Amino acid sequence: MPLYPQLFTVATAILGNNSDDAADAVQDTMVKLWNTGDALSDIRQPQAYAISVLRTTVIDMLRRRHPVDTLDESISITEIPASDTESAAFLEHIISNLPASQQEVIKLSAFAGMSSHEIAQATGLTDGNVRQLLSRGRKKIKELYYKYL
Amino acid sequence: MNIDTIRQLLASYYDGSASDAEIDTLKRYFTQVSDLPADLRVDAAIFRAMASTQPLPMPADLHRRIVDATIGSSRRRLFVRWRSALSAAAAVALAIMSGLWLLKSNDTAQPGNTVVASTTLSPQIAPDPLPAQSIDEKPAQQVATEPVEIVVRTVHSRATKAQAKPHKRAGYREITDSVQVVEFTSRLLAKLEAPVEGAERGIRYTSEAIARINDPLGSNPSED
(Lines give C-alpha, C1' and ligand atoms only; values in the text may rest on other atoms or scores of the structure.)
Protein backbone atom coordinates (compact mmCIF):
# COMPACT_ATOMS: atom_id res chain seq x y z
CA MET A 1 0.00 0.00 0.00
CA PRO A 2 2.62 2.56 -1.01
CA LEU A 3 0.19 5.12 -2.35
CA TYR A 4 -1.04 6.57 0.89
CA PRO A 5 2.19 8.45 1.83
CA GLN A 6 1.93 10.51 -1.33
CA LEU A 7 -1.75 11.01 -0.71
CA PHE A 8 -0.91 12.28 2.75
CA THR A 9 1.49 14.84 1.26
CA VAL A 10 -1.18 16.06 -1.14
CA ALA A 11 -3.76 16.16 1.61
CA THR A 12 -1.57 18.28 3.85
CA ALA A 13 -0.83 20.60 0.93
CA ILE A 14 -4.52 21.20 0.41
CA LEU A 15 -5.64 21.23 4.02
CA GLY A 16 -2.69 23.14 5.38
CA ASN A 17 -0.89 22.37 8.59
CA ASN A 18 -3.44 19.83 9.89
CA SER A 19 -2.08 16.31 10.17
CA ASP A 20 -5.23 14.78 11.67
CA ASP A 21 -7.51 16.05 8.94
CA ALA A 22 -5.08 14.94 6.29
CA ALA A 23 -4.90 11.44 7.84
CA ASP A 24 -8.69 11.21 7.95
CA ALA A 25 -8.93 12.28 4.33
CA VAL A 26 -6.33 9.70 3.29
CA GLN A 27 -8.09 6.93 5.22
CA ASP A 28 -11.45 7.78 3.65
CA THR A 29 -9.82 7.85 0.23
CA MET A 30 -8.20 4.45 0.69
CA VAL A 31 -11.53 2.97 1.80
CA LYS A 32 -13.21 4.36 -1.32
CA LEU A 33 -10.47 2.90 -3.48
CA TRP A 34 -10.78 -0.44 -1.70
CA ASN A 35 -14.53 -0.51 -2.24
CA THR A 36 -13.94 0.08 -5.95
CA GLY A 37 -12.86 -3.53 -6.09
CA ASP A 38 -11.93 -5.11 -9.39
CA ALA A 39 -12.80 -1.95 -11.31
CA LEU A 40 -9.61 -0.38 -10.00
CA SER A 41 -7.54 -2.65 -12.21
CA ASP A 42 -9.18 -1.12 -15.28
CA ILE A 43 -7.93 2.36 -14.41
CA ARG A 44 -4.93 3.25 -16.49
CA GLN A 45 -3.47 5.82 -14.11
CA PRO A 46 -4.39 4.71 -10.60
CA GLN A 47 -2.16 7.28 -8.95
CA ALA A 48 -3.89 10.21 -10.62
CA TYR A 49 -7.26 8.60 -9.95
CA ALA A 50 -6.41 8.20 -6.28
CA ILE A 51 -5.43 11.86 -6.03
CA SER A 52 -8.67 12.91 -7.69
CA VAL A 53 -10.62 10.80 -5.20
CA LEU A 54 -8.62 12.40 -2.39
CA ARG A 55 -9.38 15.83 -3.73
CA THR A 56 -13.10 15.11 -3.77
CA THR A 57 -12.89 13.73 -0.25
CA VAL A 58 -11.10 16.83 0.99
CA ILE A 59 -13.61 19.15 -0.68
CA ASP A 60 -16.49 17.28 0.95
CA MET A 61 -14.71 17.47 4.28
CA LEU A 62 -14.17 21.20 3.99
CA ARG A 63 -17.77 21.79 2.92
CA ARG A 64 -19.07 19.91 5.93
CA ARG A 65 -16.98 22.04 8.23
CA HIS A 66 -17.25 25.42 6.55
CA PRO A 67 -19.86 26.99 4.33
CA VAL A 68 -18.77 27.54 0.78
CA ASP A 69 -17.65 31.10 0.14
CA THR A 70 -17.08 31.86 -3.47
CA LEU A 71 -14.23 34.27 -3.82
CA ASP A 72 -13.97 36.51 -6.77
CA GLU A 73 -10.81 37.76 -8.36
CA SER A 74 -10.76 41.01 -6.36
CA ILE A 75 -9.71 39.77 -2.99
CA SER A 76 -9.12 41.87 0.09
CA ILE A 77 -6.73 40.83 2.75
CA THR A 78 -8.10 42.02 6.05
CA GLU A 79 -5.10 41.38 8.14
CA ILE A 80 -1.88 39.51 7.76
CA PRO A 81 0.37 39.00 10.74
CA ALA A 82 3.65 40.84 10.46
CA SER A 83 5.65 37.63 10.50
CA ASP A 84 8.63 36.56 8.48
CA THR A 85 7.70 36.96 4.83
CA GLU A 86 10.08 34.20 3.91
CA SER A 87 8.36 31.66 6.10
CA ALA A 88 6.08 28.92 4.84
CA ALA A 89 3.32 30.08 7.20
CA PHE A 90 3.28 33.51 5.62
CA LEU A 91 3.14 32.03 2.15
CA GLU A 92 0.27 29.77 3.20
CA HIS A 93 -1.56 32.75 4.58
CA ILE A 94 -1.15 34.61 1.31
CA ILE A 95 -2.34 31.62 -0.68
CA SER A 96 -5.38 31.21 1.57
CA ASN A 97 -6.63 34.57 0.32
CA LEU A 98 -6.62 33.50 -3.32
CA PRO A 99 -9.77 32.35 -5.12
CA ALA A 100 -10.56 28.71 -4.37
CA SER A 101 -9.72 27.48 -7.85
CA GLN A 102 -6.29 29.12 -7.76
CA GLN A 103 -5.66 28.05 -4.17
CA GLU A 104 -5.95 24.36 -4.90
CA VAL A 105 -3.74 24.42 -7.95
CA ILE A 106 -1.09 26.58 -6.27
CA LYS A 107 -1.03 24.35 -3.18
CA LEU A 108 -0.67 21.17 -5.23
CA SER A 109 2.20 22.74 -7.13
CA ALA A 110 3.98 24.53 -4.27
CA PHE A 111 3.47 22.10 -1.37
CA ALA A 112 2.75 18.72 -2.93
CA GLY A 113 5.35 19.05 -5.67
CA MET A 114 2.94 17.98 -8.39
CA SER A 115 3.58 18.85 -12.02
CA SER A 116 1.06 20.72 -14.13
CA HIS A 117 0.06 17.51 -15.89
CA GLU A 118 -0.41 15.65 -12.59
CA ILE A 119 -2.52 18.51 -11.27
CA ALA A 120 -4.63 18.37 -14.42
CA GLN A 121 -5.21 14.62 -13.98
CA ALA A 122 -6.10 15.01 -10.32
CA THR A 123 -8.47 17.93 -10.77
CA GLY A 124 -9.97 16.98 -14.08
CA LEU A 125 -8.85 20.26 -15.61
CA THR A 126 -7.04 20.55 -18.87
CA ASP A 127 -3.34 21.30 -18.96
CA GLY A 128 -4.16 24.71 -20.35
CA ASN A 129 -6.55 25.50 -17.50
CA VAL A 130 -3.99 24.44 -14.94
CA ARG A 131 -1.35 26.57 -16.56
CA GLN A 132 -3.68 29.56 -16.60
CA LEU A 133 -4.65 29.12 -12.94
CA LEU A 134 -1.00 28.76 -11.95
CA SER A 135 -0.10 31.90 -13.83
CA ARG A 136 -2.88 34.00 -12.29
CA GLY A 137 -2.28 32.64 -8.79
CA ARG A 138 1.47 33.21 -8.85
CA LYS A 139 1.08 36.73 -10.14
CA LYS A 140 -1.48 37.49 -7.43
CA ILE A 141 0.87 36.13 -4.75
CA LYS A 142 3.62 38.41 -5.99
CA GLU A 143 1.26 41.42 -5.84
CA LEU A 144 0.31 40.60 -2.25
CA TYR A 145 3.94 40.16 -1.29
CA TYR A 146 4.73 43.63 -2.64
CA LYS A 147 2.26 45.09 -0.13
CA TYR A 148 4.17 43.66 2.82
CA LEU A 149 7.75 44.05 1.75
CA MET B 1 24.18 31.03 -12.79
CA ASN B 2 23.59 33.93 -15.11
CA ILE B 3 21.09 36.42 -13.76
CA ASP B 4 19.47 36.70 -17.18
CA THR B 5 18.82 32.98 -17.15
CA ILE B 6 17.11 33.42 -13.78
CA ARG B 7 14.90 36.14 -15.19
CA GLN B 8 13.89 33.89 -18.09
CA LEU B 9 13.04 31.09 -15.71
CA LEU B 10 10.98 33.48 -13.63
CA ALA B 11 9.07 34.56 -16.72
CA SER B 12 8.22 30.92 -17.42
CA TYR B 13 7.26 30.44 -13.77
CA TYR B 14 4.74 33.30 -13.74
CA ASP B 15 3.49 32.19 -17.13
CA GLY B 16 2.65 28.83 -15.60
CA SER B 17 4.84 26.93 -18.03
CA ALA B 18 7.97 26.32 -15.91
CA SER B 19 8.88 22.68 -15.42
CA ASP B 20 9.58 21.04 -12.08
CA ALA B 21 13.31 21.12 -12.74
CA GLU B 22 13.21 24.82 -13.56
CA ILE B 23 11.26 25.58 -10.37
CA ASP B 24 13.82 23.58 -8.36
CA THR B 25 16.61 25.59 -10.00
CA LEU B 26 14.93 28.83 -8.92
CA LYS B 27 14.51 27.54 -5.37
CA ARG B 28 18.19 26.56 -5.10
CA TYR B 29 19.34 29.89 -6.56
CA PHE B 30 17.31 32.10 -4.25
CA THR B 31 18.16 30.09 -1.13
CA GLN B 32 21.89 30.12 -1.89
CA VAL B 33 22.36 33.66 -3.24
CA SER B 34 21.85 36.58 -0.89
CA ASP B 35 23.12 39.49 -2.98
CA LEU B 36 20.28 40.06 -5.38
CA PRO B 37 19.03 42.93 -7.52
CA ALA B 38 16.16 44.91 -6.01
CA ASP B 39 13.60 43.72 -8.56
CA LEU B 40 14.22 40.08 -7.55
CA ARG B 41 13.81 40.45 -3.78
CA VAL B 42 10.07 39.67 -3.78
CA ASP B 43 10.69 36.61 -5.93
CA ALA B 44 13.45 35.55 -3.55
CA ALA B 45 11.05 35.79 -0.56
CA ILE B 46 8.47 33.66 -2.35
CA PHE B 47 10.91 30.93 -3.35
CA ARG B 48 12.59 30.88 0.03
CA ALA B 49 9.16 30.44 1.63
CA MET B 50 8.41 27.53 -0.72
CA ALA B 51 11.77 25.94 0.01
CA SER B 52 11.24 26.21 3.77
CA THR B 53 8.04 24.20 3.63
CA GLN B 54 8.56 21.09 5.71
CA PRO B 55 6.39 18.08 5.01
CA LEU B 56 4.18 17.15 7.93
CA PRO B 57 5.09 13.85 9.57
CA MET B 58 2.61 11.13 8.73
CA PRO B 59 0.82 9.65 11.78
CA ALA B 60 2.43 6.38 12.81
CA ASP B 61 -0.91 4.59 13.04
CA LEU B 62 -2.18 5.66 9.61
CA HIS B 63 -1.13 2.39 7.98
CA ARG B 64 -2.91 0.32 10.63
CA ARG B 65 -6.03 2.49 10.36
CA ILE B 66 -6.14 1.99 6.62
CA VAL B 67 -5.68 -1.78 6.91
CA ASP B 68 -8.40 -2.03 9.56
CA ALA B 69 -10.79 0.03 7.46
CA THR B 70 -10.21 -1.97 4.28
CA ILE B 71 -8.85 -5.49 4.56
CA GLY B 72 -9.82 -5.87 8.21
CA SER B 73 -13.36 -4.80 7.51
CA SER B 74 -13.73 -7.30 4.67
CA ARG B 75 -12.32 -10.11 6.79
CA ARG B 76 -14.73 -9.29 9.61
CA ARG B 77 -17.69 -9.35 7.22
CA LEU B 78 -16.54 -12.68 5.78
CA PHE B 79 -16.04 -14.11 9.27
CA VAL B 80 -19.54 -13.06 10.31
CA ARG B 81 -21.02 -14.69 7.19
CA TRP B 82 -19.16 -17.94 7.81
CA ARG B 83 -20.10 -17.95 11.45
CA SER B 84 -23.76 -17.43 10.60
CA ALA B 85 -23.66 -20.19 7.99
CA LEU B 86 -21.97 -22.60 10.40
CA SER B 87 -24.47 -21.78 13.14
CA ALA B 88 -27.37 -22.43 10.78
CA ALA B 89 -25.82 -25.68 9.58
CA ALA B 90 -25.22 -26.80 13.16
CA ALA B 91 -28.83 -26.00 14.08
CA VAL B 92 -30.14 -27.99 11.11
CA ALA B 93 -27.86 -30.92 11.91
CA LEU B 94 -28.97 -30.87 15.52
CA ALA B 95 -32.62 -30.83 14.48
CA ILE B 96 -32.10 -33.74 12.13
CA MET B 97 -30.22 -35.75 14.70
CA SER B 98 -32.85 -35.02 17.31
CA GLY B 99 -35.56 -36.14 14.97
CA LEU B 100 -33.69 -39.30 14.14
CA TRP B 101 -33.08 -39.98 17.81
CA LEU B 102 -36.75 -39.53 18.62
CA LEU B 103 -37.70 -41.71 15.72
CA LYS B 104 -35.28 -44.40 16.79
CA SER B 105 -36.38 -44.22 20.41
CA ASN B 106 -40.00 -44.77 19.39
CA ASP B 107 -39.09 -47.64 17.18
CA THR B 108 -38.43 -50.50 19.59
CA ALA B 109 -38.08 -53.06 16.85
CA GLN B 110 -36.13 -56.07 17.97
CA PRO B 111 -34.61 -58.81 15.87
CA GLY B 112 -37.36 -61.09 14.76
CA ASN B 113 -40.08 -58.54 15.27
CA THR B 114 -39.43 -56.12 12.42
CA VAL B 115 -42.19 -56.12 9.89
CA VAL B 116 -43.02 -54.26 6.77
CA ALA B 117 -46.73 -54.28 6.92
CA SER B 118 -47.04 -53.19 10.52
CA THR B 119 -45.01 -52.78 13.62
CA THR B 120 -45.30 -54.96 16.64
CA LEU B 121 -43.69 -53.66 19.74
CA SER B 122 -43.54 -56.91 21.59
CA PRO B 123 -44.28 -60.47 20.68
CA GLN B 124 -46.36 -60.70 23.83
CA ILE B 125 -48.63 -57.89 22.82
CA ALA B 126 -50.80 -59.41 20.15
CA PRO B 127 -54.42 -58.62 20.71
CA ASP B 128 -55.06 -59.54 17.16
CA PRO B 129 -58.16 -61.47 16.36
CA LEU B 130 -56.45 -62.73 13.21
CA PRO B 131 -54.19 -65.70 13.67
CA ALA B 132 -50.50 -64.80 13.76
CA GLN B 133 -48.27 -66.71 11.42
CA SER B 134 -44.94 -68.08 12.43
CA ILE B 135 -42.23 -69.43 10.31
CA ASP B 136 -42.84 -72.96 11.42
CA GLU B 137 -46.40 -72.95 10.20
CA LYS B 138 -45.87 -71.20 6.89
CA PRO B 139 -43.20 -72.43 4.51
CA ALA B 140 -41.23 -69.70 2.70
CA GLN B 141 -42.33 -70.91 -0.75
CA GLN B 142 -45.95 -70.44 0.10
CA VAL B 143 -45.24 -67.01 1.37
CA ALA B 144 -43.47 -66.09 -1.83
CA THR B 145 -46.33 -67.13 -4.05
CA GLU B 146 -49.10 -65.55 -2.09
CA PRO B 147 -50.19 -62.08 -3.11
CA VAL B 148 -49.21 -59.72 -0.37
CA GLU B 149 -51.02 -56.59 0.39
CA ILE B 150 -48.52 -54.15 1.71
CA VAL B 151 -49.92 -51.93 4.36
CA VAL B 152 -47.87 -49.41 6.22
CA ARG B 153 -48.83 -47.96 9.53
CA THR B 154 -46.92 -46.51 12.40
CA VAL B 155 -47.20 -47.16 16.11
CA HIS B 156 -46.13 -44.23 18.27
CA SER B 157 -46.23 -45.74 21.74
CA ARG B 158 -43.43 -47.32 23.67
CA ALA B 159 -42.84 -51.03 24.01
CA THR B 160 -44.11 -51.30 27.58
CA LYS B 161 -47.39 -49.60 26.89
CA ALA B 162 -48.24 -49.91 23.26
CA GLN B 163 -50.64 -52.33 21.83
CA ALA B 164 -50.65 -52.97 18.12
CA LYS B 165 -54.00 -52.13 16.67
CA PRO B 166 -55.38 -54.94 14.57
CA HIS B 167 -55.95 -54.21 10.93
CA LYS B 168 -59.46 -55.11 9.87
CA ARG B 169 -58.97 -55.46 6.14
CA ALA B 170 -59.09 -58.84 4.51
CA GLY B 171 -55.80 -60.51 3.73
CA TYR B 172 -53.98 -58.82 6.53
CA ARG B 173 -51.31 -60.93 8.11
CA GLU B 174 -49.02 -60.05 10.90
CA ILE B 175 -45.41 -61.01 10.29
CA THR B 176 -43.15 -61.70 13.17
CA ASP B 177 -40.25 -63.37 11.44
CA SER B 178 -37.27 -61.38 10.16
CA VAL B 179 -36.72 -63.69 7.19
CA GLN B 180 -40.19 -63.07 5.95
CA VAL B 181 -39.69 -59.38 6.48
CA VAL B 182 -36.63 -59.42 4.23
CA GLU B 183 -38.49 -61.38 1.59
CA PHE B 184 -41.44 -59.02 1.60
CA THR B 185 -39.11 -56.10 1.42
CA SER B 186 -37.36 -57.46 -1.67
CA ARG B 187 -40.69 -58.10 -3.36
CA LEU B 188 -41.79 -54.60 -2.53
CA LEU B 189 -38.63 -53.19 -4.02
CA ALA B 190 -39.12 -55.30 -7.13
CA LYS B 191 -42.58 -53.87 -7.57
CA LEU B 192 -41.21 -50.37 -7.16
CA GLU B 193 -38.35 -50.95 -9.61
CA ALA B 194 -40.57 -52.35 -12.35
CA PRO B 195 -41.91 -49.00 -13.50
CA VAL B 196 -38.39 -47.58 -13.38
CA GLU B 197 -37.12 -50.29 -15.71
CA GLY B 198 -40.01 -49.57 -17.99
CA ALA B 199 -39.13 -45.92 -18.08
CA GLU B 200 -35.54 -46.74 -18.89
CA ARG B 201 -36.66 -48.94 -21.77
CA GLY B 202 -38.84 -46.14 -23.03
CA ILE B 203 -35.95 -43.70 -22.92
CA ARG B 204 -33.74 -46.13 -24.78
CA TYR B 205 -36.37 -46.69 -27.49
CA THR B 206 -36.81 -42.93 -27.85
CA SER B 207 -33.06 -42.37 -28.26
CA GLU B 208 -32.89 -45.05 -30.95
CA ALA B 209 -35.82 -43.49 -32.77
CA ILE B 210 -34.19 -40.07 -32.72
CA ALA B 211 -30.97 -41.54 -34.08
CA ARG B 212 -32.87 -43.18 -36.96
CA ILE B 213 -34.63 -39.91 -37.76
CA ASN B 214 -31.35 -38.03 -37.87
CA ASP B 215 -29.59 -40.67 -39.94
CA PRO B 216 -32.17 -42.77 -41.74
CA LEU B 217 -29.69 -44.32 -44.16
CA GLY B 218 -27.11 -45.08 -41.51
CA SER B 219 -23.48 -44.02 -41.56
CA ASN B 220 -21.95 -47.26 -42.91
CA PRO B 221 -19.75 -46.27 -45.90
CA SER B 222 -19.74 -49.81 -47.22
CA GLU B 223 -23.30 -49.44 -48.28
CA ASP B 224 -22.55 -46.69 -50.85
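**Exercise 1. Getting to know chain B**

What percentage of the contacts in chain B with a separation of 6 or more comes from residues 24 or more positions apart? Once you have that figure, describe the make-up and surface of chain B.

*Solution.* Keep in mind as you work that this is a predicted model.

Step 1. Start with the contacts: in chain B, 66% of those with a separation of 6 or more are between residues 24 or more positions apart.

Step 2. Next, list the elements. Chain B has six helices and zero strands, so its pattern along the sequence reads α-α-α-α-α-α.

Step 3. Now look at burial. Chain B has 224 residues, and 25% of them count as buried.

Step 4. Finish with the surface. About 15400 Å² of chain B is accessible, and carbon and sulfur atoms hold 59% of that.

**Exercise 2. Doing the same for chain A**

Find how many helices and strands chain A has, then go through its burial, contacts and surface.

*Solution.*

Step 1. Counting elements gives seven helices and zero strands in chain A, in the order α-α-α-α-α-α-α from the N terminus.

Step 2. Chain A has 149 residues, with 46% counted as buried.

Step 3. For contacts in chain A with a separation of 6 or more, residues 24 or more positions apart supply 60%.

Step 4. The exposed area of chain A is about 7800 Å², with 49% of it from carbon and sulfur atoms.

**Exercise 3. Where the two chains meet**

Describe the interface of chain B and chain A, and find which helix of chain B gives the most residues to it.

*Solution.*

Step 1. Count the residues in contact: 31 in chain B and 37 in chain A.

Step 2. Turn to the area. About 3000 Å² is buried between the two chains, and carbon and sulfur atoms give 65% of it.

Step 3. Look for polar partners. Nine residue pairs are in polar contact between chain B and chain A, both residues of each pair being at pLDDT 80 or more.

Step 4. Identify the elements on the chain B side. Those giving two or more residues are helix H1 (3-15), helix H2 (20-32), helix H3 (41-51) and helix H4 (62-106) of chain B. H4(B) gives the most, with nine residues.

Step 5. Sort the chain B residues that touch chain A by type: 17 are nonpolar, seven polar and seven charged.

Step 6. Zoom in on one residue from the other chain. Tyr146(A) sits in helix H7 (residues 127-148) of chain A and counts as partly exposed, at 48% relative accessibility. Beyond its neighbours within four places in sequence, Tyr146(A) is in contact with Asp39(B) and Val42(B).

**Exercise 4. Tracking down salt bridges**

How many salt bridges are there over all chains? Work out where some of them lie.

*Solution.*

Step 1. Recall the idea: side chains of opposite charge can pair when their charged atoms come close.

Step 2. Take the total, which is eight over all chains. The interface of chain B and chain A has three salt bridges.

Step 3. Examine pairs between the chains. Lys142(A) and Asp43(B) form a salt bridge at 3.2 Å, N to O. Arg65(B) and Asp24(A) form another, at 2.7 Å. Arg65(B) is in helix H4 of chain B and Asp24(A) is in helix H2 (residues 19-36) of chain A, so this pair joins two chains. Asp24(A) is partly exposed, at 29% relative accessibility.

Step 4. Move to a pair in helix H7 of chain A. Lys140(A) and Glu143(A) are three residues apart there, about one turn of the helix, and their closest N and O atoms are 3.7 Å apart. Glu143(A) is partly exposed, with 45% relative accessibility.

Step 5. Look for shared partners: Asp61(B), Arg64(B) and Asp68(B) are joined into one network by salt bridges.

**Exercise 5. A residue and its surroundings**

Is Thr123(A) buried or exposed? Explain your choice and describe what surrounds this residue.

*Solution.*

Step 1. Locate Thr123(A): it lies in helix H6 (residues 116-123) of chain A.

Step 2. Compare its accessibility with the cut-off. Thr123(A) has a relative accessible area of 11%, and buried means under 20%, so Thr123(A) is buried.

Step 3. Check its side chain, which reaches the backbone nitrogen of Leu125(A) at 3.3 Å.

Step 4. List what it touches. Not counting residues up to four places away in sequence, Thr123(A) touches Arg55(A), Glu104(A), Leu108(A) and Val130(A).

Step 5. Follow two of these residues further. Glu104(A) and Arg55(A) form a salt bridge, with closest N and O atoms 2.2 Å apart. The pair links distant parts of the chain, 49 residues apart: Glu104(A) is in helix H5 (residues 100-110) and Arg55(A) in helix H3 (residues 46-65) of chain A. Both residues, Glu104(A) and Arg55(A), are buried.

Definitions and conventions
Residues numbered from 1 in each chain as written. Chains lettered and ligands numbered in written order. Predicted model: local features only at pLDDT ≥ 70, side-chain atom pairs only at ≥ 80, totals over all residues. Heavy atoms only, no water. Helix = DSSP H or I, 4+ residues; strand = E, 2+ residues; numbered from the N terminus. Buried < 20%, exposed > 50% of the residue type's maximum accessible area, 1.4 Å probe, protein only. Contact = heavy atoms within 4.5 Å. Areas by Shrake-Rupley, 256 points an atom, 1.4 Å probe, with all protein chains shown as cover. Buried area = accessible area lost by both parts, 1.4 Å probe. Salt bridge = Lys/Arg side-chain N within 4 Å of Asp/Glu carboxyl O. Polar contact = N/O pair within 3.5 Å; in protein donor to acceptor, adjacent residues only side chain to side chain. Nonpolar A, V, L, I, M, F, W, Y, C, P; charged D, E, K, R; others polar.
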